[in-house]
Amino acid sequence: MRAAVIHRFGGPEEFEIEDLPTPTAGEGEVVVRVTHAAVNPLDFKIRDGSSGMAAQLRDEDFPLVLGRECAGVVHEVGEGVTDFAPGDRVFGMAPPDHKGHCYAEFVSMPASALAHSPAGVDDVVLAGLSLVGLTAWIAVEDLAKVGSDDVVLVHGGGGGVGFMAVQLAKEAGAKVYATASARNADRLQAVGATPIDYARDDFTQVTPRPSVIVDCVYFDTYEPSMDHLADGGRLVLLPSLADVRPAKERGIDVSIPRVAPDRTRLDALATAVAEGRLTLTVADVLPLAEVAEAHRIVERGHTPGKIVLRVAGE
Ligand SMILES: NC(=O)c1ccc[n+]([C@@H]2O[C@H](COP(=O)([O-])OP(=O)(O)OC[C@H]3O[C@@H](n4cnc5c(N)ncnc54)[C@H](OP(=O)(O)O)[C@@H]3O)[C@@H](O)[C@H]2O)c1
């Protein structure tokens, strides 16, 4: 099978398209023929070695196939798998202890990490739904426990996680503000949020003190967010390696999501997309061979939605 691999940590130029053995399905696993795989910031942080996940990798893991989520068709099921059959359309994300491997024509995943794809929703969308959808769900519901009395501020509301967090907070009944560049304003308004153009306005001056801040940006936003958060408020920081100590020292309820696959939630997210209650914006679709360019785009940090790789049909 064709796969995008890296032989060592480094820049986007490390990617090579190579032929690798097609994986087989072990017990409890499903081999998916990948149609599309999404690119996430985590992928470039593993590629350049800066992610905590990169530290777990050993020499024998290289050449390494990156990519933590995909959509496609079941190719083979392993022993004990009863909920999927060859030919089923599926989507999902690799669990934290899985190497990922989605930038390839075939990937073997635990069956529990996958869900059936609903009719009427394209694989281009489903490929990028799992990681941002589940992360935003954990952030908004499990950690921040957003309810209808909350005023929520989402930093990076135009990005992958941020746009999901905005919509889930709205669904919970909260009043939602979102910092984003001006080109994302219409999209945010369309889902009921008040956009704040961070290049023009200081969010601490133009929003009320929020009871919840979901910070998908962190570097520029962390300090002023701590000052601006209402007393007793909840702060959710997105980067896995974010330093929670300054917030804890100030007595702030601070947390970081630890995303992992969850079939029930994947089903609910896909149903919400199918029914038009949840929108995932796909900013661009590139062929697998252009994976280096896809990483450059995501790494610049201003992607208005998901960057997706087209794997099948090349
Ligand atoms: N903890 C977890 O389990 C977990 C899971 C998923 C992701 N993450 C992390 O969450 C972060 C966001 O991921 P993502 O997939 O949403 O990234 P993304 O799609 O690249 O979105 C980032 C967004 O931030 C916006 N932005 C940049 N600078 C900003 C600023 N100063 N103020 C406001 N917005 C700004 C950009 O939009 P503009 O064009 O509007 O500037 C961009 O849309 C990453 O660090 C990622 O690694 C963590």
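Tyr218 sits in the loop between strand S12 and helix H7 (222-228), where helices (H or I, at least four residues) and strands (E, at least two) are DSSP runs numbered from the N terminus. Its phi is positive, about 85°, although Tyr218 is not a glycine. At 11% relative accessibility, Tyr218 counts as buried; buried means under 20% relative accessible area, exposed over 50%, and partly exposed in between, with a 1.4 Å probe and protein chains only.

A word on the model: it is predicted, so local features need pLDDT of at least 70 and side-chain atom pairs count only at pLDDT 80 or more, while totals for chains, interfaces and linings use all residues. Residues are numbered from 1 along each chain as its sequence is written, and side-chain values use heavy atoms, with hydrogens and water left out.

His101 also has a positive phi, about 70°, without being a glycine. You will find His101 in the loop between strand S6 (89-93) and strand S7 (106-110). Here is how four residues sit in the model.

| Residue | Place | Relative accessible area |
|---|---|---|
| Tyr218 | loop between S12 and H7 | 11%, buried |
| Ser211 | loop between H6 and S12 | 16%, buried |
| His101 | loop between S6 and S7 | 27%, partly exposed |
| Ile17 | strand S2 | 34%, partly exposed |

Ser211 belongs to the loop that links helix H6 (203-206) with strand S12 (212-215). Not counting residues up to four places away in sequence, Ser211 touches Asp150, Val151, Leu229, Ala230, Gly233 and Arg234, a contact being heavy atoms within 4.5 Å.

Now to the strands at the start of the chain. Strand S1 (residues 2-6) is mostly covered, with four of its five residues buried. S1 runs antiparallel to strand S2 (residues 16-19), and four bridges join them; two strands pair if DSSP finds at least two bridges between them. Within S2, Glu18 is the bridge partner of Ala3. S1 also pairs with strand S4 (residues 64-65), again in the antiparallel sense, over two bridges. There, Ile6 stands opposite Leu64.

Ile17 is part of S2. Its C-alpha lies 6.3 Å from that of Val5, although the two are 12 residues apart in sequence. Leaving aside neighbours within four places in sequence, Ile17 is in contact with Arg2, Ala3, Ala4, Leu288 and Ala289.

Pro63 lies in the loop between helix H1 (41-47) and S4. The peptide bond from Phe62 to Pro63 is cis, with omega near 0°.

Finally, the whole protein. Its secondary structure comes to 10 helices and 16 strands. The radius of gyration is 19 Å, close to the 20 Å that the globule rule gives for 314 residues, so the protein is as compact as a globular protein of that length. That radius is taken over C-alpha atoms, and the rule is 2.2 Å times the number of residues to the power 0.38. Along the principal axes, the C-alpha atoms fill a box of roughly 55 × 40 × 35 Å.

Of the 314 residues, 55% count as buried. Among contacts between residues at least 6 apart in sequence, 67% join residues at least 24 apart. The protein exposes about 13200 Å², and carbon and sulfur atoms supply 49% of it; these accessible areas come from the Shrake-Rupley method with a 1.4 Å probe, and for residues only the protein chains shown count as cover.
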